[in-house]
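Trainee: Could you take me through the place where the ligand sits, one contact at a time? I'd like a close look at that part alone.

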Amino acid sequence: MKNKRVLIISAPSGAGKSTVVKHLLAKYDFLEFSVSATSRAPRGEETDGKDYYFLSKDEFEKKIKAGEFVEYEEVYSGFYYGTLKSEVEKIWKKGNVILFDIDVMGGINLKKLYGESALSVFIRPPSTNELRNRLVKRGTDSPDAIERRVAKAEHELTYEGEFDVVLVNDILENCLAQAEKLIKNNLQ
Ligand code: ADP
Ligand code: 5GP
């Protein structure tokens with residue numbers, strides 16, 4: 001089906017999800033990033049309402065109880081991440097296509113929810129070793145955190161079959177070109 005209203009992009013951490021998402025948002029005006037809510041603290045330059053809606057654990061749990069989330073998850077132990085119903089409605093009201101940057105389990109859940117209206121894309125690194133190299137080079141995580149992310153990635157890679165499309169992010173330019181083709185064939 002053409003004219004899908006939802007684009008879901010999921011990947012193990014370090015595979016290049018943010019790089020692909022940033023490229024697509026800069027290129028296509030009709031794509032709008034879904035700002036998630038999280039109970040983790042802001043990092044670096046992150047701003048409330050732009051990168052995430054930063055909530056306390058208590059505020060997050062109140063919103064769960066009030067049924068305000070389309071989906072939510074404890075992605076890393078102790079920290080919630082979730083998509084607010086109000087965010088989805090705001091984007092659709094403008095006639096834009098929602099771009100979700102979401103972890104693998106969240107991506108699978110959203111695809112189940114939106115079905116044929118959604119295109120779900122899994123970004124796969126060329127190898128686990130290369131994934132580790134990218135995380136080391138990125139320099140945002142401690143060696144311990146990197147090993148945790150790599151171990152999680154090995155599990156997440158077993159779910160790629162649940163997605164509509166798998167893009168291998170080996171040579172970045174090729175991956176971006178393939179992503180653009182997907183947009184042309186499914187969303188425009
Ligand atoms: P994610 O959002 O999936 O955690 P990022 O987009 O932050 O991943 O990418 C992880 C690191 O790898 C970043 O430093 C990014 O610049 C780099 N990177 C992304 N794609 C490639 C690629 N194809 N080849 C080499 N490095 C890449
Ligand atoms: P980070 O803390 O590095 O910003 O994000 C950690 C992980 O949480 C990433 O894999 C990101 O895609 C995921 N994430 C961000 N927002 C959501 C959301 O709304 N729901 C779920 N399930 N995962 C999310």
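Mentor: Happy to! Keep in mind that this is a predicted model. Let's begin with the contact made by Arg 134: one of its polar side-chain atoms lies 3.3 Å from a nitrogen atom of ligand 1. Overall, the protein covers 74% of the 560 Å² of accessible area that ligand 1 has on its own.

Oxygen atoms of the ligand have partners too. A polar side-chain atom of Ser 18 is 2.5 Å from one oxygen atom of ligand 1, while Lys 17 places a backbone N or O atom 2.8 Å from an oxygen atom of the ligand. Both residues are among the closest in a shell of 13, together with Gly 14, Thr 19 and Asn 169. Sorted by class, that shell holds six polar, four charged and three nonpolar residues. Helix 1 (17–27) and helix 5 (128–138) each provide at least two of the shell residues, and helix 1 gives the largest share, with three.

Now step back to the surrounding space. Ligand 1 occupies the largest pocket, whose volume is about 1,800 Å³. Its lining comprises 50 residues, and those nearest the centre are Ser 18, Arg 43, Tyr 52, Arg 138 and Arg 149. Two or more lining residues come from each of helix 1, strand 5 (69–76), strand 6 (79–84), helix 5 and helix 6 (143–156). As for the character of the lining, 21 residues are charged, 15 nonpolar and 14 polar. Ser 18 is a good one to keep on screen, as it has the side-chain contact with ligand 1 and also appears in the list of residues nearest the pocket centre.

How values were computed
Residues are numbered from 1 along each chain as its sequence is written. Chains are lettered from A and ligands numbered from 1 in the order in which they are written. This is a predicted model: local features need pLDDT of at least 70, side-chain atom pairs count only at pLDDT 80 or more; totals for chains, interfaces and linings use all residues. Side-chain values use heavy atoms; hydrogens and water are left out. A residue is near a molecule or strand if one of its heavy atoms lies within 4 Å of it. A polar contact is a pair of N or O atoms within 3.5 Å; within protein, one must be able to donate a hydrogen and the other to accept it, and residues adjacent in sequence count only if both atoms are side-chain atoms. Accessible areas come from the Shrake-Rupley method with a 1.4 Å probe; for residues, only the protein chains shown count as cover. On a 1 Å grid over the protein atoms alone, a cavity is a set of points where a 1.4 Å probe fits but cannot get out, and a pocket is an open set with protein on both sides within 12 Å along at least five of seven lines; lining residues have an atom within 4 Å of a point. A molecule sits in a cavity or pocket if more than half of its atoms lie within 2 Å of its grid points. Helices (H or I, at least four residues) and strands (E, at least two) are DSSP runs, numbered from the N terminus. Ala, Val, Leu, Ile, Met, Phe, Trp, Tyr, Cys and Pro count as nonpolar, Asp, Glu, Lys and Arg as charged, and the others, Gly among them, as polar. Grid points are joined across faces, edges and corners, and a volume is the space filled by probe spheres set on the points.
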